[in-house]
Amino acid sequence: MKCPVCGDDCVLEAREIISHLPTIFSRCPDCRYHVVDKNSPPTDPEIKEPCTCGKRFIDDVFVHIYCIMKDEGLLSGREPLTAVGMPLVHPGFFMKVPPFLPGDSLVLLCRSVDKKTAERIIKEVSEVRAVIKTGDFTPGISDTGLEEVPKTYELMAGCDIRANVFVTHSGPLVLYKQQSTMHIEFPRAFNPKIDAVEKNIRMTSPELFIDACCGTGTLGLTAGRMGVPRIIMNDAWYAAAFFAAYNIKVNREFFNVESVTILEDYRQMQAHPVGTVPRKICETAGGQMIEVYQGDFLELYGVLPGKISTLSVIDLFEKKDMAKVLSMMEQWRRRVPGEVFIP
Ligand SMILES: [Zn+2]
Ligand SMILES: [Zn+2]
């Protein structure tokens, strides 16, 4: 599939990603590995080549990156190995052992890195697909206010689209995102939000499921996996709304849909990063009708169909301000019929 970030063919459909999962990060009989103390500087800063199978143990990849950062003057050699940054593997899923990395399988998040070093890492360390410069904030919309334009991390080199695989009772879902524009998630063996959605759908059998603050679509597409006939997803943040739409396409074989039409272009959506009045980003045709909107979820009532049994989930990012959350729930209840819950 064409990648909305780099324009190349770097995106695999859900079934391909899922079929690779059992072995993608496992070692071959010839793979050698050296477990390194991450909290100390590497004692043996020697670059180990990937195995003939093309994979290399994550610690060896980190030592390689450490050597480049030291050579470029970003590290002195006294910092621990963890100073390199935070690794996010692609695809991300619940893993019990550290991975042996094939090519293009690692997105690296660094606190301080320059373009030259980032480009050198991409060129010389084949496992790294992107280098991102982070900051002391959460990228994307992180509270319930829509007044400010959210900040994003900076893609320094490579392509930072990557997928997480989430397990549902109806089967796995593959959720892509552009990592620099969205918060970090780690798939676990048990996901309480997915579980809450499944329980509520089983209890109420709704005709319409609304995922009001959908992010990249995990909960809405869980409902899709369960066969709910009509699904509406919404997010105010352009990157979330776009990838929720894109993820319908990625996972389309799991839904009863004939076609998926994405109505907006990812780059052009950057011109209106935060939506207010909901605008339609995507729709499907077929047995299941799935739509995605970009807008303020409290305005969503204007686009909803009338007289249909409805279940809504409101998964606000910031749940600490309980008074604000309850007031938003109250406003939602006044405008949208049916059941509503916080996962
Ligand atoms: Zn790409
Ligand atoms: Zn090997």
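In this predicted model, strand 13 (residues 289–294) is largely enclosed by the rest of the structure, because five of its six residues are buried. Two pairings of strand 13 can be described. Strand 10 (residues 230–235) runs parallel to strand 13 and is joined to it by six bridges. Within this pairing, Arg 230 has Met 289 of strand 13 as its bridge partner. Strand 12 (residues 279–285), in contrast, pairs with strand 13 in the antiparallel sense, over four bridges. Here Arg 279 stands opposite Gln 294 of strand 13. Strand 12 and strand 13 form a hairpin with three residues between the strands, and in this hairpin Gly 286 adopts a positive phi near 130°.

Strand 10 also pairs with strand 9 (residues 208–211); the sense is parallel and the pairing extends over four bridges. Ile 210 of strand 9 has Ile 232 of strand 10 as its bridge partner. In a regular strand, side chains alternate between the two faces of the sheet. In strand 9, Leu 208 and Ile 210 point one way, whereas Phe 209 and Asp 211 point the other way. These four residues, the charged Asp 211 included, are all buried.

A further sheet is open and consists of four strands in the order 2-4-5-6, with mixed pairing. Strand 2 (86–89) and strand 6 (154–158) stand at its edges; each has a single partner strand, and therefore one side of each is left without a neighbour in the sheet. From one strand to the next, the twist averages 25°. The partner of strand 6 is strand 5 (residues 128–133), and the two pair in the antiparallel sense over four bridges. One of the residues in this pairing is Val 131, whose bridge partner in strand 6 is Ala 157.

Helix 3 (residues 115–124) lies across strand 5 and strand 6, and its direction makes an angle of about 40° with strand 6. Helix 3 also packs against helix 2 (residues 58–71). Two packed helices are described by the angle between their axes and the distance between the axes. For helix 2 and helix 3, the angle is about 145° and the axes are 10 Å apart. The crossing of the two helices is right-handed. Helix 2 contributes Ile 65, Ile 68 and Met 69 to the contact, while helix 3 contributes Thr 117, Arg 120, Ile 121 and Glu 124. By class, these residues comprise four nonpolar, one polar and two charged.

At the level of the whole chain, the domain assignment gives domain 1 (14–161) and domain 2 (191–341). The C-alpha centres of the two domains are separated by 32 Å. Contact between them involves 10 residues of domain 1 and 17 residues of domain 2. On the side of domain 1 that touches domain 2, five residues are nonpolar, three are polar and two are charged.

Ile 24 is located in the loop between helix 1 (14–20) and strand 1 (56–57). Ile 24 counts as partly exposed because 19 C-beta neighbours lie inside 10 Å, whereas a buried residue requires 20 or more. Ile 24 is 213 residues from Trp 237 in sequence, and the C-alpha atoms of these two residues lie 32 Å apart in space.

How values were computed
Residues are numbered from 1 along each chain as its sequence is written. Chains are lettered from A and ligands numbered from 1 in the order in which they are written. This is a predicted model: local features need pLDDT of at least 70, side-chain atom pairs count only at pLDDT 80 or more; totals for chains, interfaces and linings use all residues. Two strands pair if DSSP finds at least two bridges between them. Axes are lines fitted to C-alpha atoms, for helices over the stretch in contact, and angles run from 0 to 180 degrees between N-to-C directions. Two residues are in contact if their C-beta atoms, placed from the backbone, lie within 7 Å. Domain bounds come from an automatic or database domain assignment. A crossing is left-handed if the near helix is turned anticlockwise from the far one by less than a right angle, and right-handed if clockwise. A residue is buried if 20 or more other C-beta atoms lie within 10 Å of its own, exposed if 12 or fewer, and partly exposed in between; C-beta atoms are placed from the backbone.
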